[in-house]
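I opened this model to work through its sheet and the helices around it. My notes follow in the order in which I looked things up.

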Amino acid sequence: MKKILIVRSKYNNTTALLNSAVKVLKKRKINYSIISVNGAFEIPVAIARKIKKFDGFIALGIIIKGKTPNFNFISQAITNGLIELAILSKKPIGNGILTCLNKRQAKARKKKGIEAAHAVMSVLFQK
């Protein structure tokens with residue numbers, strides 16, 4: 001049986017993202033575990049540490065743009081890290097890390113965990 005690890009950031013309240021991803025996995029009766037990290041920047045490292053123990057991963061976080069260019073650097077570094085991990089491990093990683101200009105945008109996209117879960121399942125259960 002395939003196992004998926006959800007790695008979620010605690011920062012910026014990712015509960016709705018998590019709930020949307022879990023709902024999909026439960027509906028499909030997929031075995032999953034959840035771990036939390038402080039911020040989105042820690043997600044690729046947490047996945048890398050568990051890469052051999054799971055068949056796929058779902059990364060969930062919310063990054064909201066502030067007044068410094070840090071938003072761009074962090075967002076790009078995370079995306080690059082996730083892509084590199086997926087390619088090198090040959091394992092799917094659903095990117096449910098939202099990059100938003102404000103909290104209103106994040107709230108409007110709170111169900112994007114569904115898309116991340118579907119992305120992982122489409123690769124894991126490919127015919």
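Which residue of strand 2 does Arg-8 stand opposite? I found Ser-36 in that place. I note that the model is predicted, that local features need pLDDT of at least 70 and side-chain atom pairs pLDDT 80 or more, while totals for chains, interfaces and linings use all residues. Residues are numbered from 1 along each chain as its sequence is written, and side-chain values use heavy atoms, without hydrogens and water.

I then looked up the sheet, which is open, has four strands in the order 2-1-3-4 and pairs in parallel; helices (H or I, at least four residues) and strands (E, at least two) are DSSP runs numbered from the N terminus, and pairing requires at least two DSSP bridges. At its edges I found strand 2 (31–37) and strand 4 (93–100), each paired on one side only.

For strand 1 I read seven bridges to strand 2 and five to strand 3, where Phe-57 is the bridge partner of Leu-5. Six of the seven residues of strand 1 are buried (under 20% relative accessible area, 1.4 Å probe, protein chains only), so I record strand 1 as largely enclosed by the rest of the structure.

Strand 3 (residues 56–64) and strand 4 are joined by eight bridges in the parallel sense, and there I saw Ile-62 partnered with Leu-98 of strand 4. Helix 2 (residues 43–50) packs on the sheet, and I found that helix touching strand 1 (3–9), strand 2, strand 3 and strand 4, with contact taken as heavy atoms within 4.5 Å.

Notes
Axes fitted to C-alpha atoms, helices over the stretch in contact; angles between N-to-C directions. Buried < 20%, exposed > 50% of the residue type's maximum accessible area, 1.4 Å probe, protein only.
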